[in-house]
Amino acid sequence: GIGYIGLIGPPERREALLAKVGDIAATQLEARLYAPAGLRLGGEGPEVTALAVIAQLQYYLTHDAHA
């Protein structure tokens, strides 16, 4: 069980991925797929993106994984 799958990029990328993998796989992925990955922290650039993804992963590990 992989519980967190982060996809970087616009929401359209998520929709394209789910359409490409088919209905069964899309249903299995939807609850675990965080797209776009990362919390909205403000700012721009690779450092902010990395921090945003790590922050969301930390939140997932301390909250969602124990629900």
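L39 sits in the loop that runs between β2 (33-34) and α3 (46-62). This is a predicted model, and in it L39 has a relative accessibility of 37%, so the residue counts as partly exposed. L39 also belongs to a nonpolar surface patch, together with L41, L51 and Y59. The accessible area of these four residues adds up to about 390 Å².

The loop between β2 and α3 also holds P36. Here is a detail to check in your viewer: the peptide bond between A35 and P36 is cis, with omega at about -5°. For context, most peptide bonds are trans.

From P36 we can step across to I5, which is 31 residues away in sequence, while the C-alpha atoms of the two are 10 Å apart in space. I5 is part of strand β1 (residues 5-6). Leaving aside residues up to four places away in sequence, I5 touches L29, R32, L33 and Y34. Its relative accessible area is 26%, and therefore I5 is partly exposed.

The two residues with accessibility values compare like this:

| Residue | Relative accessible area | Class |
|---|---|---|
| L39 | 37% | partly exposed |
| I5 | 26% | partly exposed |

Next, the helices. How do α1 and α2 pack, in angle and in distance between their axes? Helix α1 (residues 11-21) meets helix α2 (residues 23-30) at about 135°, and their axes are 6 Å apart. Because of that angle, α1 is oblique to α2. On the α1 side, the contact is made by R14, L18 and V21, and on the α2 side by A25, A26, L29 and E30. L29 thus appears twice in this picture, in the contact between the helices and among the residues that I5 touches.

Key:
Residues numbered from 1 in each chain as written. Predicted model: local features only at pLDDT ≥ 70, side-chain atom pairs only at ≥ 80, totals over all residues. Heavy atoms only, no water. Patch = residues over 30% accessible without salt bridge, like charges linked within 9 Å, V, L, I, M, F, W, Y side chains within 5 Å. Areas by Shrake-Rupley, 256 points an atom, 1.4 Å probe, with all protein chains shown as cover. Salt bridge = Lys/Arg side-chain N within 4 Å of Asp/Glu carboxyl O. Helix = DSSP H or I, 4+ residues; strand = E, 2+ residues; numbered from the N terminus. Buried < 20%, exposed > 50% of the residue type's maximum accessible area, 1.4 Å probe, protein only. Axes fitted to C-alpha atoms, helices over the stretch in contact; angles between N-to-C directions. Parallel < 35°, antiparallel > 145°, perpendicular 65-115°, else oblique. Contact = heavy atoms within 4.5 Å.
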